[in-house]
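Colleague: Could you walk me through the interfaces of this model and tell me what stands behind each term?
Modeller: Gladly; let us look at it together.

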Amino acid sequence: MNAVITVVGKDKVGIMAGVCVALQKINVNILDISQTVMQNMFTMNMLVDVKQANVSYSEIVDALDAEGERLGVNIRIQREDIFDAMHRI
Amino acid sequence: MLNQHEILETLNMIDDQHLDIRTITMGISLRNCAHPDPKVCATKMYDKITKYAENLVKTGEAIEKEMGIPIINKRISVTPIAIAAESCETEDYTIFAKAMDDAAKTCGVNFIGGFSALVQKGFTIGDRRLINSIPEALATTDFVCSSVNVGSTKAGINMDAVKLMGETIKKTALRTADRDGFGCAKLVVFCNAVEDNPFMAGAFHGVGEPECAINVGVSGPGVVYNALKSVKGEPFDVVAETIKKTAFKITRMGQLIACEASKRLGAEFGIVDLSLAPTPARGDSVARILEEIGVSVCGTHGTTAALAMLNDAVKKGGVMASSSVGGLSGAFIPVSEDEGMIAAAEKGVLTLDKLEAMTCVCSVGLDMIAVPGDTSAETIAAIIADEAAIGMINTKTTAVRIIPAPGKNVGDSIEMGGLLGTAPVMPVHSEGSFDFINRGGRIPAPLNSLRN
């Protein structure tokens, strides 16, 4: 199952590294990344595959919440389906 | 892959524009719960509801977490109790309302609908017993919602039922006088009631429905409002087109959630109800959409036309987005639940008469309206009759949810709390309708040709 991770927050060193390490720990594979910094705001969208994750989906959400709190940014993960439903016929 | 713009658009809708799944409602048939002993019948109802809906809240919360979209309410609707309990040897149906209430509490849902009767053509024994039990049932339960269908395009309007409901609403208000007549916020009088409506207080599981079905109501006045901000000054066809596109996107969410929920709960996927249902939160108002379209205050001249266009465009956009559209589907105009409506009513621009006109072109009817506590039962019945006539003639659902707040007058307002909001007490005409209501009988079904 694919999911979209969005990270939004004030730019600083180590956001990308933090998120990637957090994902590595729970064995979530990154498929695609797009990232920009606009007016000092860091915005990243990441497509990931959670099939091989070694924890439940709910625990992935919690792990990313915790990492977001540590980094001082907002991280959320949502199933890709919700975006596909809205933007793809 | 999805592009960044698309991802951010969806996130903005959820975070800033109040896009949400308003309700996942599980419809459960109680037709096999009949038993002559009311206690046995009530136990069977409780057992069946709690068995079927055991995982409803848990599943809703899991989907919410995975998809990242709020699912505000998880609710249950059941077979009209007047039918399910008809074979019981008891005059007082409050016992069944209590069983529903207990089941709702066990399942963790915040409303359960179906303390209902369908009397458009006449009363059965069970119908009368149910209606007579409504004031007590609504006063002694927390989550039970009640509805009565008094008319339809095919049957006409049962004016005896209209009169009885005027009296029942008054009794319910008095029975819950300590909470400003709160019981009436859980009581709807319908014409052309739909059997698969997921929204409260009017939800019930119709007799033509399957054993168990999942019906989902989506909402998003804030999303439509924001979309319209980008087409300021454009002609109406552009406005309608913008609303259609937005409604499409919103409804696709509903379809996804409905499919997912029904699959996980092992219930049939019923319908998606694509209604614009406001909440008291700022930025989640239908009135503000109408004002964005161009009327300076909701309720002034032009409001009905703006609402007609909005309602139609929502349906057109939504219909293609879902495999099965049903329920009430349209724009709701509950006064107390809409920050813009409250403001317009307080200014005196939005009146009961204008609301009545608005109900001719939008979903449902006179909804969540507080009127002075001394309004007579006949006047309330006459308001119901007017609204039912609009539904009957126009082949649409109309409803009245009106609260004659005991001891309150025009200028006061009553606090319902939560999603039910704050209702300013609105004036009614002081001239009576006593003789009109006391005729009784039935208004015959209308002709469906020569329509002018």
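**Two interfaces, term by term**

Modeller: Between domain 1 and domain 2 of chain B about 2,700 Å² is buried, and carbon and sulfur atoms give 68% of that area. This is a predicted model, in which local features need pLDDT of at least 70 and side-chain atom pairs count only at pLDDT 80 or more, while totals for chains, interfaces and linings use all residues. Residues are numbered from 1 along each chain as its sequence is written, chains are lettered from A in the order in which they are written, and side-chain values use heavy atoms, with hydrogens and water left out.

Colleague: What makes about 2,700 Å² the buried area between domain 1 and domain 2 of chain B?

Modeller: Buried area is the accessible area (1.4 Å probe) that two parts lose on being put together, summed over both, so the about 2,700 Å² covers both domains. On the domain 1 side, K170(B), D180(B) and C191(B) lose the most, together 21% of what that side buries.

Colleague: Where do the bounds of domain 1 and domain 2 of chain B come from?

Modeller: They come from an automatic or database domain assignment, which gives 25–54 + 75–191 for domain 1 and 213–439 for domain 2 of chain B. Their C-alpha centres lie 23 Å apart.

Colleague: How many residues of the two domains of chain B are in contact?

Modeller: Contact means heavy atoms within 4.5 Å; by that rule 29 residues of domain 1 touch 38 residues of domain 2 in chain B.

Colleague: And what about chain A and chain B: why is the pair D62(A) and K65(B) called a salt bridge?

Modeller: A salt bridge is a side-chain nitrogen of Lys or Arg within 4 Å of a carboxyl oxygen of Asp or Glu. The closest N and O atoms of D62(A) and K65(B) are 3.2 Å apart, so the pair meets the rule. Between chain B and chain A the count is five salt bridges, whereas between domain 1 and domain 2 of chain B it is zero.

Colleague: Which residue classes make up the side of chain B that touches chain A?

Modeller: There are 13 nonpolar, four polar and nine charged residues on that side of chain B. Ala, Val, Leu, Ile, Met, Phe, Trp, Tyr, Cys and Pro count as nonpolar, Asp, Glu, Lys and Arg as charged, and the others, Gly among them, as polar.

Colleague: How large is the area that chain B and chain A bury between them?

Modeller: About 2,500 Å², with 63% of it on carbon and sulfur atoms.
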